Amino acid sequence: MNDTATPVLRVNGLIKHFVTKDFLGREKRRVQAVNGISFEIRRGETLGLVGESGCGKSTAGRAALNLIRPTAGTVQIDGLHIESLSPRQMRLLRRHAQMVFQDPFSSLNSRMRVGEIIAEPLENYRWGTKQEMAARVAELLELVGLRRDAAARFPHEFSGGQRQRIAIARALALSPSLIVCDEAVSALDVLVQAQIINLLRRLQRQLGVAFLFIAHDIAVVEHVSHRIGVMHLGEIVEMGPKDSLLTAPQHPYTQALLSAVPVPDPSRAARRIVLAGELPSPASPPSGCRFRTRCPSAFERCAAKAPFLQEVLPGHTVACHLRESSPASTTSTTPPNKETTTP
């Protein structure tokens with residue numbers, strides 16, 4: 001796929017509910033993990049998906065690759081609707097979309113040598129001869145910053161950051177157009193996180209691969225993403241270009257997330273926005289706006305009606321009733337017909 005204007009991944013109205021049943025097979029509880037999210041990622045672009053633990057980020061990433069079956073909605077990878085594909089067709093499509101998991105200690109088979117781990121996708125798709133596969137493994141190891149002789153060693157002989165490099169090399173083996181990174185740096189220390197992020201950016205420049213980068217740390221997402229989507233309780237509440245979203249956040253939840261990012265300069269101490277209460281259960285979300293029970297600026301309409309995403313700045317959308325009366329506003333959080341309050 002060479003057209004940068006055509007989305008590598010297009011997700012529309014994605015829903016994933018998990019249902020638990022009692023001993024008679026009757027539905028006992030329905031957990032709304034992902035509730036109608038939509039987004040696109042183009043070739044050579046990184047979309048960061050950020051939010052608290054339990055907001056549905058990882059479920060969205062796995063459903064987008066059909067690792068778990070969506071309840072509803074459509075997903076297109078390289079223009080193909082994955083929900084209409086047969087198992088054989090889906091298997092062929094998987095070479096175009098790969099995943100890097102959170103834990104590099106459990107995502108690699110400890111009984112296989114590194115060369116075998118990286119070559120496994122090549123063998124599964126009958127890619128070349130043994131000599132060609134060995135050359136490809138050596139090429140991939142060098143691409144992710146490891147020595148060629150690493151192929152003969154086992155995963156336990158490497159550090160966490162090196163193991164994640166091996167996982168990235170495995171994901172790149174079949175030259176995919178899309179890689180989903182599910183909390184790919186959260187298990188690593190800060191220095192190694194920076195090294196892996198720099199590696200991903202370099203690989204993107206060299207190969208043109210698109211990334212869906214899932215993380216709970218918005219400071220990490222800032223360094224790797226072109227656009228950022230903010231998730232709360234299964235829904236995307238704000239999405240926009242990185243610079244726009246970080247400098248002019250429109251949703252109270254995004255503002256609270258950004259206020260929690262540590263500021264290294266003591267002379268620039270930022271005011272922290274502390275949210276009241278706990279994250280509601282996705283099994284029984286609040287009526288109307290799902291953030292209203294924690295929002296410092298909530299008003300009557302928030303309980304009665306769920307907001308929908310609308311554009312407030314070029315390419316920047318937000319789902320918040322505070323923005324409905326003045327779409328062009330970039331700073332005001334005043335509810336209609338209500339006095340200004342300080343969050």
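In which strand does T46 lie? In this predicted model, T46 belongs to strand β3, which covers residues 46-50. Its relative accessibility is 1%, and buried means under 20%, so T46 counts as buried. What, then, is T46 in contact with, once its neighbours within four places in sequence are left aside? The residues are Q204, F211, F213, V224, S225, H226 and R227.

From a single residue we can turn to empty space. Rolling a probe the size of a water molecule over the atoms shows where such space is left. When the whole structure is searched, three cavities of 30 Å³ or more are found. The largest cavity holds about 70 Å³ of space. Its lining includes the cysteines C289, C295, C302 and C320, along with H251 and H321. The phenylalanines F291 and F299 also line the largest cavity, as do R292, P307 and L322. Sorted by class, this lining has eight nonpolar residues, two polar ones and one charged one.

Pockets are treated separately from cavities. The second largest pocket has a volume of about 390 Å³. Its lining is made up of 16 residues, and those that lie nearest the centre of the pocket are Q98, M99, P121, N124 and R170. Which elements each supply at least two residues of this lining? They are strand β6 (97-100) and the helices α3 (114-124) and α5 (160-172). By class, the lining of the second largest pocket divides into 10 nonpolar, two polar and four charged residues.

Conventions:
Residues are numbered from 1 along each chain as its sequence is written. This is a predicted model: local features need pLDDT of at least 70, side-chain atom pairs count only at pLDDT 80 or more; totals for chains, interfaces and linings use all residues. Side-chain values use heavy atoms; hydrogens and water are left out. On a 1 Å grid over the protein atoms alone, a cavity is a set of points where a 1.4 Å probe fits but cannot get out, and a pocket is an open set with protein on both sides within 12 Å along at least five of seven lines; lining residues have an atom within 4 Å of a point. Grid points are joined across faces, edges and corners, and a volume is the space filled by probe spheres set on the points. Ala, Val, Leu, Ile, Met, Phe, Trp, Tyr, Cys and Pro count as nonpolar, Asp, Glu, Lys and Arg as charged, and the others, Gly among them, as polar. Helices (H or I, at least four residues) and strands (E, at least two) are DSSP runs, numbered from the N terminus. Buried means under 20% relative accessible area, exposed over 50%, partly exposed in between (1.4 Å probe, protein chains only). Contact means heavy atoms within 4.5 Å.
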